[in-house]
2 protein chains.
Amino acid sequence: MIKTITGNKDFIESLRGKRADFLLCMSNTKTAEIPGITQAGIPGLLHLTPTLDAEFIAIGEVRSLGNIAETPKGVPTPALITRAVHLLHPFHQIDLLNLGLEVSPKLEHFRLHTFGISPSDSIERGANIPAKEVFEKAIAFAQNLTLQSDYIILGESVPAGTTTALATALALGYDAQDKFSSSFKNNPSDIKRAVLERAFSRIGNSDDLFDILSVVGDNMLIFNAGLILGLQNRNLPILLAGGTQMACVLLIVNRILQMTEGKFDSSKIALCTTKWVAEDRSSDIKALLEMNDFPLNAYYADFDFSLTDHPALRLYDQGEAKEGVGAGGALVYALLNGITKEQITRKVESFLR
Amino acid sequence: MIKTITGNKDFIESLRGKRADFLLCMSNTKTAEIPGITQAGIPGLLHLTPTLDAEFIAIGEVRSLGNIAETPKGVPTPALITRAVHLLHPFHQIDLLNLGLEVSPKLEHFRLHTFGISPSDSIERGANIPAKEVFEKAIAFAQNLTLQSDYIILGESVPAGTTTALATALALGYDAQDKFSSSFKNNPSDIKRAVLERAFSRIGNSDDLFDILSVVGDNMLIFNAGLILGLQNRNLPILLAGGTQMACVLLIVNRILQMTEGKFDSSKIALCTTKWVAEDRSSDIKALLEMNDFPLNAYYADFDFSLTDHPALRLYDQGEAKEGVGAGGALVYALLNGITKEQITRKVESFLR
């Protein structure tokens with residue numbers, strides 16, 4: 001079952017049976033190195049998470065490390081869910097976007113788009129992103145993107161990405177406190193608050209929108225805002241496969257539209273996330289979506305790990321991991337194409353044997 | 001599961017979810033009439049095997065004979081596997097290539113390409129093939145081929161084809177003895193050896209590459225070598241769906257490249273075969289592939305008939321039939337598209353009720 005968060009089900013139903021390309025936006029921010037800020041990966045090797053996620057969804061193995069990235073509590077990466085869907089009902093193509101990685105995925109035969117974007121610095125010291133440049137690279141990419149499928153599923157892998165998203169939304173003036181998700185069950189609010197205070201101290205009074213993004217954002221947020229705007233008039237439906245980070249991308253789009261007084265057709269865009277995000281009590285994605293001036297269809301896949309006994313997977317249902325690597329969008333894609341919760345569960349389990 | 005014989009898994013993973021056209025190369029060589037040389041068909045009617053295979057994979061029934069071709073021991077043609085895959089996850093198109101048939105398949109609405117190529121004679125007496133002409137027809141066909149899918153799966157049905165392939169590889173100077181497969185569990189080495197001796201006696205000292213192919217080859221081997229070279233620069237991935245016969249095609253390509261000092265990009269080509277070939281102890285496809293100057297990705301489908309009780313199918317697992325009619329490539333295609341071993345087994349069983 002696909003459930004509606006905002007809007008109605010017509011848009012997502014119109015994509016039933018159609019073919020999708022999966023685009024994974026990968027980026028590193030040194031914010032992830034702040035102790036206790038994220039559990040999206042292996043301590044000391046958090047910067048490898050997007051690299052390993054990309055390798056695993058593309059070819060089913062990780063080359064840049066021995067084992068699949070697990071969090072300290074043993075929660076396996078949501079890339080397992082995305083890969084399971086790709087095995088059960090493949091995406092037409094997987095494209096990889098290097099938006100500033102420490103280590104590039106080791107893959108042949110897959111399109112790995114590079115943009116000359118560097119990993120961003122910790123927002124505690126200022127992210128130091130050439131935001132306008134990243135944004136314009138995304139516009140150009142969107143305008144030249146050639147696809148042979150019917151729609152795009154856009155996923156992300158950015159350790160500490162919910163922290164930079166929260167910082168960005170707050171810095172852009174949204175009432176976003178307590179509305180952003182976390183890779184932890186118990187959102188580490190105290191640590192985040194201290195980080196945010198230091199980050200905001202670096203924003204000047206005369207800073208404009210892109211100045212602010214340069215200081216507290218991450219490359220994925222800025223690039224995807226450009227991608228969405230660049231795909232306007234391309235008549236190409238796009239699923240933002242993610243949780244509150246993708247909601248932040250839309251909040252950035254919203255501010256850009258307010259600044260430029262631009263017209264925007266949001267009817268071909270939807271956000272698709274997991275049940276773990278949609279039902280998360282420590283965040284509020286619906287409220288974030290409703291802060292935009294434009295309407296938006298948003299959905300979640302009614303999938304959980306209630307059919308498994310595997311303790312590492314059951315941690316998802318306890319809130320220890322919620323979203324990432326396009327898992328929510330991949331689940332929606334699976335459900336749109338007749339794949340069952342049982343099939344997905346068994347396939348994910350098969351990776352952990 | 002798709003397993004790697006040579007190379008790495010990246011190429012085959014990049015084709016997951018993509019659409020394929022299936023091309024069947026059909027040819028007769030009178031070599032098949034030598035008693036005991038092959039069990040790929042009905043004694044006395046072996047020449048009909050490619051015709052019946054084509055009819056069965058295209059429409060699910062045979063028109064040029066009452067029943068599906070069975071070997072003397074009752075092993076059904078691997079066309080059943082290819083047809084099963086086509087029912088479970090259809091190829092985008094099936095194209096049939098008449099490379100010298102006694103009897104053309106009786107089909108409407110399918111593209112049946114004809115080239116004015118005659119069945120070849122027995123290599124015992126000299127195959128009598130206009131090899132250069134067949135090769136050039138393949139080049140022209142490749143250059144004009146229009147497809148609406150993402151890649152090609154190239155299968156073959158040539159009774160006695162492993163014998164002509166072995167003869168060709170040896171005549172071209174490869175250390176190929178005992179490395180070629182057979183439709184029999186126990187490769188009829190004595191019979192083959194006598195045939196080869198007579199065949200080699202017809203090769204003159206001054207014979208060049210194409211002269212040799214004219215005497216000991218078969219039309220499929222020569223045509224497919226031309227097809228592969230003609231598809232260079234077309235950016236069209238191609239799966240050679242077969243066992244040691246397809247390996248021989250590559251050995252021919254290798255000699256042509258050595259002769260012409262031509263450049264060759266093998267990165268868009270892979271050989272895909274069955275587990276029965278990959279694990280066959282009386283042949284060695286890996287060794288054949290490694291005789292080429294170019295690298296090649298090769299895979300096999302981890303599929304066997306362990307899930308069935310049907311005695312005729314269990315014979316495959318005992319080594320009585322191993323490959324043909326693109327079965328290995330079709331199985332890889334199925335696994336690339338989420339079809340399970342269980343589904344394939346049940347579908348093949350349904351043809352034998």
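These exercises walk through a predicted model of two chains, each with a worked solution.

Residues are numbered from 1 along each chain as its sequence is written, and chains are lettered from A, with ligands numbered from 1, in the order in which they are written. Because the model is predicted, local features need pLDDT of at least 70 and side-chain atom pairs count only at pLDDT 80 or more, while totals for chains, interfaces and linings use all residues.

**Exercise 1. The strands around strand 7**

Work out how strand 7 of chain A pairs with strand 6 and with strand 8 of chain A.

*Solution.* Start with the terms: helices (H or I, at least four residues) and strands (E, at least two) are DSSP runs, numbered from the N terminus, and two strands pair if DSSP finds at least two bridges between them.

Step 1. Find strand 6 (residues 238–241) of chain A, which pairs with strand 7 in the parallel sense over four bridges. Here Ala241(A) stands opposite Cys272(A).

Step 2. Follow the chain from strand 6 through helix 9 (residues 244–260) to strand 7 of chain A; this β-α-β crossover is right-handed. That word means that, with the strands pointing away from the viewer, the path from the first strand over the helix to the second runs clockwise.

Step 3. Turn to strand 8 (residues 297–301) of chain A, which pairs with strand 7 in the parallel sense over five bridges. Cys272(A) stands opposite Tyr299(A) there.

Step 4. Check the cover: six of the six residues of strand 7 (residues 269–274) of chain A are buried. A residue is buried if 20 or more other C-beta atoms, placed from the backbone, lie within 10 Å of its own; it is exposed with 12 or fewer, and partly exposed in between.

**Exercise 2. A residue in strand 8**

Why does Asn297(A) count as buried, and which residues is Asn297(A) in contact with?

*Solution.* Step 1. Locate Asn297(A) in strand 8 of chain A.

Step 2. Count its surroundings: Asn297(A) is buried because it has 22 C-beta neighbours inside 10 Å.

Step 3. List its partners, where contact means C-beta atoms, placed from the backbone, within 7 Å. Leaving aside neighbours within four places in sequence, they are Thr6(A), Gly7(A), Phe11(A), Ile12(A) and Ala270(A).

**Exercise 3. Two enclosed helices**

Which residues are buried in helix 3 of chain A and in helix 13 of chain B?

*Solution.* Step 1. In helix 3 (residues 79–88) of chain A, ten of the ten residues are buried, so this helix is largely enclosed by the rest of the structure. Among them are Leu80(A), Arg83(A) and His86(A).

Step 2. See what covers the buried residues of helix 3: helix 2 (49–59), strand 5 (151–157), helix 13 (327–336) and helix 14 (341–351) of chain A are included.

Step 3. In helix 13 (residues 327–336) of chain B, ten of the ten residues are buried, so that helix too is largely enclosed. They include Gly328(B), Leu331(B) and Tyr333(B). Just after this helix, Gly338(B) takes a positive phi of about 80°.

**Exercise 4. Where the chains meet**

Describe the side of chain B that touches chain A.

*Solution.* Step 1. Eleven residues of chain B are in contact with 13 residues of chain A.

Step 2. Helix 1 (residues 10–14) of chain B gives the largest share of that side of chain B, four residues.

Step 3. Sort the residues on the chain B side: two are nonpolar, four polar and five charged. Ala, Val, Leu, Ile, Met, Phe, Trp, Tyr, Cys and Pro count as nonpolar, Asp, Glu, Lys and Arg as charged, and the others, Gly among them, as polar.

Terms used:
Contact = placed C-beta atoms within 7 Å.
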